[in-house]
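Good morning, and thank you for coming. Please look at the sequence and the structure on the screen while I speak.

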Amino acid sequence: MPESSIHVAGSADGSLSYAIAVPPESLPAVTPTALLGAWDAARARAHQGGWGPPRELLFRRPDGSAQRLAIVDRDARSWAEAVDLRADLSTIGGLSLCLRLLALVDVMGRSAWLAGLFRVTAAGVELHPALLRAAASMPLDSGARFDAEALRGLLSRTLPARMPA
């Protein structure tokens, strides 16, 4: 997939618009190391109060229609800004990294069954390696999120039946 398949335009109000030639579910995998590094960078950026601009993502669907996603929440804007500074959201790889990071945060917040696979402390986050690998590699859905049940199925095949105490 060519890196030139994203076009970025700025607005007078400081917001950014991204025209992306592929849908979210076509974005490539990233490495677990890159995802963890993006998490750490995003956390540091938020701690510094660097919020970043609102971003509108316009994905082209296979049928030619467009799908719009907006990053307007202050925390999500901060995390997107951190990833942009680290990996360049005008590239497919950088955009995939950003959306996977946001999808991971989202699925951790809405899926209580994940609670034993991560720990957030004042010093940072500890993610179970299987959760990190899954978030780095499993496809995003059409809404740029992780399908929680697909994630559960994937993790059930990679985790031992019983977690050590």
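I shall describe the sheet, the helices, the core and a few individual residues in turn. Please keep in mind throughout that this is a predicted model.

Let us begin with the sheet. It is an open sheet of four strands, arranged in the order 1-2-3-4, and the pairing is mixed. Strand 1, residues 6-10, and strand 4, residues 66-71, are the edge strands, since each of them pairs on one side only. From one strand to the next, the twist averages 15 degrees.

As general background, the strands of a sheet pair through backbone hydrogen bonds, and they may do so in a parallel or an antiparallel way. Here, strand 1 and strand 2 run antiparallel and are joined by five bridges. Within this pair, Val-8 stands opposite Tyr-18 in strand 2. The two strands form a hairpin with five residues between them, and in that hairpin Gly-14 takes a positive phi near 95 degrees.

At the other end of the strand order, strand 3, residues 55-60, is joined to strand 4 by six bridges, and these two strands also run antiparallel. Phe-59 stands opposite Gln-67 in strand 4. Which helix packs on this sheet? It is helix 3, which touches strand 1, strand 2, strand 3 and strand 4. The direction of helix 3 makes about 110 degrees with that of strand 3.

There is a further pair of strands to point out. Strand 5, residues 118-121, pairs with strand 6, residues 124-127, in the antiparallel sense over four bridges. A hairpin of two residues joins strand 5 to strand 6, and Thr-121 stands opposite Gly-124 in strand 6.

I turn now to the core. In soluble globular proteins, nonpolar side chains tend to be buried together. In this model, the largest nonpolar core has 49 residues, and the members that touch the most others are Ile-20, Leu-35, Leu-57 and Leu-104. Helix 3, residues 92-110, supplies the largest share of this core, with 11 residues. Let us take Leu-104 as an example. Apart from its neighbours within four places in sequence, Leu-104 is in contact with Leu-35, Trp-39, Leu-127, Leu-131, Ala-135 and Phe-146.

Next comes a pair of helices. How do helix 1 and helix 4 lie with respect to each other, parallel or perpendicular? The axes of helix 1, residues 32-48, and helix 4, residues 129-137, come within 8 Å and cross at roughly 100 degrees. Angles of 65 to 115 degrees count as roughly perpendicular, and helix 1 and helix 4 are therefore roughly perpendicular to each other. On the side of helix 1, the contact is made by Pro-32, Leu-35 and Leu-36, and on the side of helix 4 by Leu-132, Arg-133, Ala-135 and Ala-136. By class, this contact has six nonpolar residues, no polar residues and one charged residue.

One residue of this contact deserves a separate word. Pro-32 has its place in helix 1. Leaving aside neighbours within four places in sequence, Pro-32 is in contact with Leu-132, Arg-133 and Ala-136. Its relative accessibility is 28%, so Pro-32 counts as partly exposed. The C-alpha atoms of Pro-32 and Leu-97 are separated by 9.9 Å, with their positions 65 residues apart along the chain.

Gly-94 lies in helix 3. Is Gly-94 buried or exposed? With a relative accessibility of 2%, Gly-94 counts as buried, because buried means under 20%. Leaving aside neighbours within four places in sequence, Gly-94 is in contact with Val-83, Ala-87, Asp-88 and Leu-89.

Asp-88 brings me to backbone angles. Most residues other than glycine have a negative phi. Asp-88, however, is not a glycine and has a positive phi of about 65 degrees. Asp-88 is found in the loop between helix 2, residues 74-87, and helix 3, and is partly exposed, with a relative accessible area of 33%. Ala-144 also has a positive phi, near 65 degrees, and is a residue other than glycine. Ala-144 lies in the loop between helix 4 and helix 5, residues 148-158. With a relative accessible area of 9%, Ala-144 is buried.

That concludes my presentation. Thank you for your attention.

Conventions
Residues are numbered from 1 along each chain as its sequence is written. This is a predicted model: local features need pLDDT of at least 70, side-chain atom pairs count only at pLDDT 80 or more; totals for chains, interfaces and linings use all residues. Side-chain values use heavy atoms; hydrogens and water are left out. A nonpolar core is a set of buried Ala, Val, Leu, Ile, Met, Phe, Trp, Tyr and Cys residues joined through side-chain atoms within 4.5 Å. Buried means under 20% relative accessible area, exposed over 50%, partly exposed in between (1.4 Å probe, protein chains only). Contact means heavy atoms within 4.5 Å. Two strands pair if DSSP finds at least two bridges between them. Axes are lines fitted to C-alpha atoms, for helices over the stretch in contact, and angles run from 0 to 180 degrees between N-to-C directions. Angles under 35 degrees count as roughly parallel, over 145 as roughly antiparallel, 65 to 115 as roughly perpendicular and the rest as oblique. Ala, Val, Leu, Ile, Met, Phe, Trp, Tyr, Cys and Pro count as nonpolar, Asp, Glu, Lys and Arg as charged, and the others, Gly among them, as polar.
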